[in-house]
Amino acid sequence: MFYAFYVAAIVILILHFTGWLKRNNLEWIVLVLAVATFPAVLFLK
């Protein structure tokens, strides 16, 4: 589960830097990822 979180995070960051999230009005996913990182590291490791 921990590694699945990191794969999802990498995909979201790639989509962010390519501009795909901004074009589709989904930039809020980056903020959700930032908030979810701390609990994921604590509870999934």
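Which residues of helix 3 are buried? Val 30, Leu 33 and Ala 40 are, where buried means under 20% relative accessible area, exposed over 50%, and partly exposed in between (1.4 Å probe, protein chains only). Here are some notes on how that helix fits with the rest of the chain.

1. Ground rules. This is a predicted model, in which local features need pLDDT of at least 70 and side-chain atom pairs count only at pLDDT 80 or more, while totals for chains, interfaces and linings use all residues. Residues are numbered from 1 along each chain as its sequence is written, and side-chain values use heavy atoms, with hydrogens and water left out.

2. Overall layout. The chain has three helices and zero strands, giving the pattern α-α-α along the sequence. Helices (H or I, at least four residues) and strands (E, at least two) are DSSP runs, numbered from the N terminus. The C-alpha trace spans about 35 × 15 × 10 Å along its principal axes. Of the 45 residues, 20% count as buried. The accessible surface comes to about 3,700 Å², by the Shrake-Rupley method with a 1.4 Å probe, where for residues only the protein chains shown count as cover. Carbon and sulfur atoms hold 77% of that surface.

3. Helix 1. This helix has 17 residues and reaches 25 Å from its first C-alpha to its last, close to the 24 Å expected at 1.5 Å a residue; the expected span is 1.5 Å times one less than the number of residues. Its buried residues are Phe 2, Phe 5, Ala 9 and Ile 12. They cover an arc of only 85 degrees around the axis, which puts them on the same side of helix 1; the arc is that of the directions from the helix axis to the C-beta atoms. As background, an α-helix has 3.6 residues a turn, so residues three or four places apart point the same way. The face turned away from the buried side carries the exposed residues Tyr 3 and Val 7. The buried residues of helix 1 pack against helix 2 and helix 3, with contact meaning heavy atoms within 4.5 Å.

4. Helix 3. The 17 residues of helix 3 (residues 28–44) should span 24 Å, and the end C-alpha atoms are 23 Å apart, which agrees. You may still want to look at Ala 36, where helix 3 bends by about 35 degrees, with Pro 39 following within four residues. The bend is the angle between axes fitted to the seven residues ending at a residue and the seven starting there. Cover for the buried residues of helix 3 includes helix 1 (2–18) and helix 2 (20–23).

5. The core. Seven residues make up the largest nonpolar core: Phe 5, Ala 9, Ile 12, Leu 21, Val 30, Leu 33 and Ala 40. Helix 1 and helix 3 are the elements that give two or more residues to this core. By definition, a nonpolar core is a set of buried Ala, Val, Leu, Ile, Met, Phe, Trp, Tyr and Cys residues joined through side-chain atoms within 4.5 Å. Leaving out residues up to four places away in sequence, Val 30 touches Ile 12, His 16 and Leu 21.

6. The end of helix 3. Leu 44 is partly exposed, with a relative accessible area of 34%, whereas Phe 43 is exposed at 68%. Not counting residues up to four places away in sequence, Leu 44 touches Met 1, Phe 2, Phe 5 and Pro 39. Leu 44 and Tyr 3 are 41 residues apart in sequence and 9.1 Å apart in space, C-alpha to C-alpha. For Phe 43 and Phe 2, the C-alpha separation is 8.9 Å, again with their positions 41 residues apart in sequence.

7. Backbone angles. Gly 19, just after helix 1, takes a positive phi of about 90 degrees. Asn 25 has a positive phi of about 60 degrees although it is not a glycine. Asn 25 lies in the loop between helix 2 and helix 3 and is exposed, with a relative accessible area of 65%.
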